[in-house]
Amino acid sequence: MRTEYSQLVKAPRERVFQALTDYEAIPTWDRVMFKRVTVTERGPNTATLDADVRFMGMKMRRTERHVLTPPEKVEVDGSVRDAINTTVWTLRTAPEGTILTARLEVEFKGLLKLLQPLAERQMRTVLPEWMREFASYVEAQQPS
């Protein structure tokens, strides 16, 4: 499955990038998917995460490896039980703030492969909802 979604965030690109890579803060504002996020390794332009997520009503453990190209891109390789994905987040400056775009590719296996039409619909719903919540979170922050 492949999908792409863009969201306007009314904040400067550097602030959007900083919020996108403030992994430990995600569970404080995300009501959609991430319930816990732990950074297990951090390098100058990489991060490895261990997380608990909720997808299709199931709690799952998720691992992610992020490659950071500040402030314009974050590349993510992630996996949960029965699915692997890559997501490329791009941040483009716009007159109103930042256009955040996610290009997501997911390969379903096992149970999720059997439920692929439902899993795809859930993913296409979750991504825009998550991005709207993220935009609201960033926009509510005061510039530092």
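Colleague: Why are strands E6 (residues 83-94) and E7 called a pair?

Modeller: Two strands pair if DSSP finds at least two bridges between them, and E6 and E7 are joined by twelve bridges in the antiparallel sense, so they qualify under that rule. One of the partnerships sets Thr87 opposite Leu104 in E7. The two strands also form a hairpin, with two residues between them. Do keep in mind that this is a predicted model, in which local features need pLDDT of at least 70 and side-chain atom pairs count only at pLDDT 80 or more, while totals for chains, interfaces and linings use all residues. Residues are numbered from 1 along each chain as its sequence is written, and side-chain values use heavy atoms, with hydrogens and water left out.

Colleague: Fair enough. What makes E7 a strand in the first place?

Modeller: Strands are DSSP runs of E with at least two residues, helices are runs of H or I with at least four, and both are numbered from the N terminus. E7 covers residues 97-108, twelve residues, so the minimum length for a strand is met. On its other pairing, E7 meets strand E1 (residues 2-9) in the antiparallel sense over eight bridges, with Ser6 opposite Thr101.

Colleague: How do you know which strands stand at the edges of the sheet?

Modeller: The sheet is open, with seven strands in the order E1-E7-E6-E5-E4-E3-E2 and antiparallel pairing. E1 and E2 each have a single partner strand, so one side of each has no neighbour in the sheet. Neighbouring strands are turned by 20° against each other on average, direction ignored. Here axes are lines fitted to C-alpha atoms, for helices over the stretch in contact, and angles run from 0 to 180 degrees between N-to-C directions. Further in, E5 and E6 run antiparallel over eight bridges, and Glu75 faces Val88 in E6.

Colleague: What makes you say that helices pack on this sheet?

Modeller: Contact means heavy atoms within 4.5 Å. H1 touches E1, E4, E5, E6 and E7, and its direction makes about 160° with that of E6. H4 touches E1, E2, E3, E6 and E7, with its direction at about 15° to that of E1.

Colleague: Why is Glu133 called buried while Arg31 is called exposed?

Modeller: Buried means under 20% relative accessible area, exposed over 50%, and partly exposed in between (1.4 Å probe, protein chains only). Glu133 has 11%, so it counts as buried. Arg31 has 69%, so it is exposed.

Colleague: And what makes the two a salt bridge?

Modeller: A salt bridge needs a side-chain nitrogen of Lys or Arg within 4 Å of a carboxyl oxygen of Asp or Glu. Between Glu133 and Arg31 the N to O value is 3.2 Å, so the pair passes. Glu133 lies in helix H4 and Arg31 in the loop between helix H2 (26-29) and strand E2 (34-42), so the bridge ties together parts that are 102 residues apart in sequence. The whole structure holds nine salt bridges.

Colleague: How do you know that Glu64 and Arg62 make a polar contact as well?

Modeller: A polar contact is a pair of N or O atoms within 3.5 Å; within protein, one must be able to donate a hydrogen and the other to accept it, and residues adjacent in sequence count only if both atoms are side-chain atoms. The side chains of Glu64 and Arg62 are joined at 2.5 Å, which also appears as their salt bridge. Glu64 makes a second polar contact, with the side chain of His66 at 2.6 Å. Glu64 is in strand E4. Both partners of the salt bridge are buried, Glu64 at 9% and Arg62 at 7%.

Colleague: One more: what makes a group of residues a nonpolar core?

Modeller: Such a core is a set of buried Ala, Val, Leu, Ile, Met, Phe, Trp, Tyr and Cys residues joined through side-chain atoms within 4.5 Å. The largest one has 45 residues, and Trp89, Trp130 and Phe134 touch the most other members. Helix H4 (residues 116-140) gives the largest share, ten residues. Leaving aside neighbours within four places in sequence, the contacts of Trp130 include Leu20, Ile26, Trp29 and Trp89.
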